[in-house]
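Grab a coffee and open the viewer. Below is a set of short exercises, each with a worked solution to follow step by step.

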Amino acid sequence: MNSPATPLHDYGDTRHVRRVRLIYAICFMSGAAGLGYQIAWARMFAIGLGHEMPSVLAVVAAFFGGLALGAWALDGKVSRSPHPGRWYAGLETMIGVWGLVSIALIGRFNTLALDLTGVEPTPLRQWAVAFALPFICLLPATTAMGATLPAVERLVAPLVRGGRCVGGLYAANTAGAVIGTLASAFVIMPRFGFTATVVLLAVVNLLCAAAAAAIAQQPTPKLTHSNPQPQPTVSAANALPMRRVVATVFLTGLLGIGYEALGVRVISQVLENTVYTFAAVLSIYLIGTAIGAALYQRFGRTAAPSTLLSYLLLSIATACMLGILAMPHTKTVYANARRELFGDSLLGVGAAEMAVALMVFAIPTMLMGATFSHLVQAAKHDRGGVGRAMAINTLGAALAPLVFGVILLPWIGAKWSLVAASLGYLLLIPNNSNIRWALQAIPVLLVLALPANLQLLTLYPESKVLDYREGVMASVAVVQESDGHKSLRVNNRFQMGTTRGAVDECLQAYVPLLLHEQPQRALFLGLGSSITFRAASFMPGLTADGVELIPEVVAVSHHFEPANLPPGYEQSLNTYVADARRFVRVTDHRYDVIVADLFHPGRDGAGWLYTIEHFEAVKQRLNPGGVFCQWLPLYQLDEPTAAVIIRTLMQVFPNARACVVDFKLDHPMLGLIATTEPVSYGPDWYRNRVKDKTLAGMLRGALLQNGVRLFGSFIADTESLQRFAADAPINTDDHPVVLFSAPRFTSQLDITMYGRLIAMLEKCDVDLDNLIDPAAGPDGDRFKARLAQFIVARDAYLNGLVAAAEGEEQLAIDLFIESIEASVQFTTSYAHCLAIAQHYMKSDPTAARALIQRVIDARPERTDAKTLLQSLTRNTATDETAG
């Protein structure tokens, strides 16, 4: 990598040129390792601290806090040392060694965090724990990281003309951070997991230390001899007073990271929000910063400091305002980039997300990188200054998520918070600036061109937004469609419930609760619209706890009444706003039934809700004879990822079975029903469980009216699931396979919703002799016979729907008729054929009549088809008479 700084011609032999270039290469590799650590450590701590925003922000602040402390505390010592190379080698060694130590420490600190945090901590307590523990745990490494820039600057300054190298070093380090971000997120962590990633990064640091130690053995020229040419003179009016430098370097850190955090929140309504999204957006931010620093190093040498700073600050304010103006157009850019340029591969989606980030961040970050380099270079003096300037900037950056994300965003919204971050740069322009007021007014006037809001929702014609809330963690919207149905969206991309699917959502509660003999207490992880959770209120004698991560989701749940809560049934429900994983680990309650919602597997962080450690914690919360149900959105999983989840769950619950709640193809949901011990059911199980008239009425409304329908929902027994998932890896906290594999599938646009369901039907079956109690005698045999007929009819119907979806209409009808003939209790095929016939009646009466007759022949004891045929005959006769 070529150095942006110019080596001294006094040291014109190639050895000195190579030496400078080697130092820049070391700085590059150190930057790659540093960002890799930050990403890995943040995710490792999230396992214990939770995914609530106070915890996430506190971990970031702790990392930045360590950097600031190291830069401030060691700045003077490093700058006064005659051996900066040894300092730098020692710092890199400390980072590498403590990186290895952190592997053992983080798990212990996570356990301590659970004990200190509890079930429902106050925001202050949660933030304090989430800040203090990572800060202490990582302090030796982060302190050393913070001091590396002052050390390497002191090492390089005597070797370049004028001792001016901050911009070049910062550019090299940040460019390395880009590689570290992309390599860690896209390659290393998915392939090897977090522990192996940290080990690899530690090796990089130790190699950097060895190279720096070798350089330190070479004599370093004195700084006074490194500047044979006179420095450009700066007038007193154009000099930067130190107070101005200190204030500006702090506030630019605050405003820059504030703009980044808010911008990411807004465009998250457009992007996929996977583990790869963060890396893609961050890489663009870092690329811009590196380019800006390099340009400053190359072209900023002769500019008057105050004038250059003034124009940089004005340009940042203008560029940020233009970035806000670009945000409403990101939906179109992203869609076109996916459709026309990059496609649906993992790299294609990442490239499209980068294109969106370029619109918003490219120019602002280039200017920010140049401004940071300029300010830090200006802060340098004989006793140091580089480290302290970096410390002050890092402190501002650490406070930015709190100021803009926690305080301003919920208070004044994303739009005006972004405006505040953008126009704040104008307040930093020096008073002696010669920039005309007309130029400074440009970014202010751009406010008039901003849209009314930054709600980047995808709305269909005649849809309307009933509620929109910008919370600390996500934006939450309730959208009413043209047919009156309501849906809950988180960051626009994730639908967390809809009244259109209210019956199916109720079934997600009814099925697992009915499979327990007499549940007294149940736990629901993930609430969404609360339709599933509140359906539990109809179970006599049941108390239910519900856990939801996002406060705004709970706040808007009233929009889904009465679908989620008919009057008079909420006294047995308790709602907690908390991280589901942490809640399971720290609650004192034990449960008869635990239901885990349809967690979107591709969403960043959701993969940890499918790890073996989480399933083990769930099992510890179950009473003897307890039931755990993990619902899976098969339409968002490819077959290998589904197999990973199934095998992982069965490592903890070897008696698991699988069921489906409805018989549709558009959004098939698989329920993994796990029990603490082997269980079989008698033919009277349903009758004995459903004695309450109100409950019976609700179950009839959900088409769960008898035992055949309940047990007919099972599609796989234990042995079938074991065969299906036999070769899949285990999803662990250290190597969360689902976190990295699910986004590869969920981002594809041309997938069929039903492919995984049909694959499971083909590969799995149900041993009714194991499902139904063998001791039930003749009653059990008769029940199993009816159940076997129901399952045959169900599978024929589902295969008929597949044939219809693939354009094989005649095959579909044949399969529907086969389904009707197979079971009198599977009525869905019968109703579906009559609906098809009614559709044919106007366009093709002959085909309608033929289909109705086939339905009558298949099930002659039923009268619905006969009545419809008589109606069709009368209508045909009337039309002929009128003609």
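## Getting oriented

The chain has 31 helices and twelve strands; these are DSSP runs numbered from the N terminus, with helices being H or I of at least four residues and strands E of at least two. This is a predicted model, in which local features need pLDDT of at least 70 and side-chain atom pairs count only at pLDDT 80 or more, while totals for chains, interfaces and linings use all residues. Residues are numbered from 1 along each chain as its sequence is written, and side-chain values use heavy atoms, with hydrogens and water left out.

## Exercise 1: overall shape

Work out whether the radius of gyration agrees or disagrees with that of a compact globule.

Solution. Start with the rule, which is 2.2 Å times the number of residues to the power 0.38, with the radius taken over C-alpha atoms. For 883 residues that gives a value near 29 Å, and the chain has 32 Å, so the two agree. Next, look at the box: along the principal axes, the C-alpha atoms fill roughly 105 × 65 × 50 Å. Now the burial: 59% of the 883 residues count as buried, where buried means under 20% relative accessible area, exposed over 50%, and partly exposed in between (1.4 Å probe, protein chains only). Finally, check the contacts (heavy atoms within 4.5 Å). Of those with a separation of 6 or more, 80% are between residues 24 or more positions apart.

## Exercise 2: an aromatic pair

Classify the ring pair formed by phenylalanine 599 and tyrosine 610.

Solution. A pair of aromatic rings is described by the distance of the centres and the angle of the planes. Rings of Phe, Tyr and Trp (its six-membered ring) pair if their centres lie within 6.5 Å; planes under 30 degrees apart are stacked, over 60 edge-to-face, and the rest tilted. The structure holds 26 such aromatic pairs. For phenylalanine 599 and tyrosine 610, the centres are 6.2 Å apart and the planes at 70°, so this one is edge-to-face. Both residues lie in the loop between strand 8 (591–596) and helix 18 (612–621), so the pair ties together parts eleven residues apart in sequence. Both are buried, too. While you're on rings, pick out the aromatic cluster formed by Phe186, Phe194, Tyr276, Trp608 and Phe740.

## Exercise 3: charges over rings

Which ring does the charged end of arginine 388 sit over?

Solution. First the test: NZ of Lys or CZ of Arg must be within 6 Å of the ring centre and within 35 degrees of the ring normal. The charged end of arginine 388 sits over tryptophan 72, 4.3 Å from the ring centre. For another case, go to tyrosine 830: arginine 862 lies over its face, 3.8 Å from the ring centre.

## Exercise 4: salt bridges

Which parts of the chain does the aspartate 604–arginine 43 pair link?

Solution. A salt bridge here is a side-chain nitrogen of Lys or Arg within 4 Å of a carboxyl oxygen of Asp or Glu, and the whole structure has 22 of them. In the bridge between aspartate 604 and arginine 43, the closest N and O atoms are 3.0 Å apart. Aspartate 604 is in the loop between strand 8 and helix 18 and arginine 43 is in helix 1 (residues 14–49), so distant parts, 561 residues apart, are linked. Aspartate 604 counts as partly exposed at 31% relative accessibility, whereas arginine 43 is buried at 11%.Now try lysine 763 and glutamate 639, whose side chains meet at 2.3 Å, N to O. Lysine 763 lies in helix 25 (residues 755–763) and glutamate 639 in helix 19 (residues 639–652), so this bridge ties together parts 124 residues apart in sequence. Lysine 763 is partly exposed at 46%, and glutamate 639 is partly exposed at 27%.

For a bridge inside one helix, take aspartate 781 and lysine 784, with closest N and O atoms 3.7 Å apart. Both lie in helix 27 (residues 777–805), three residues apart, about one turn of the helix. Aspartate 781 is partly exposed at 47%, but lysine 784 is buried at 14%.

To finish, trace the network of salt bridges that links Glu272, Arg338, Asp344 and Arg493.

## Exercise 5: a polar side chain

Is asparagine 110 buried or exposed?

Solution. Find asparagine 110 in helix 3 (residues 84–117). Its relative accessibility is 8%, so asparagine 110 counts as buried. Leaving out residues up to four places away in sequence, asparagine 110 touches Met44, Phe45, Ile47, Gly48 and Leu49.
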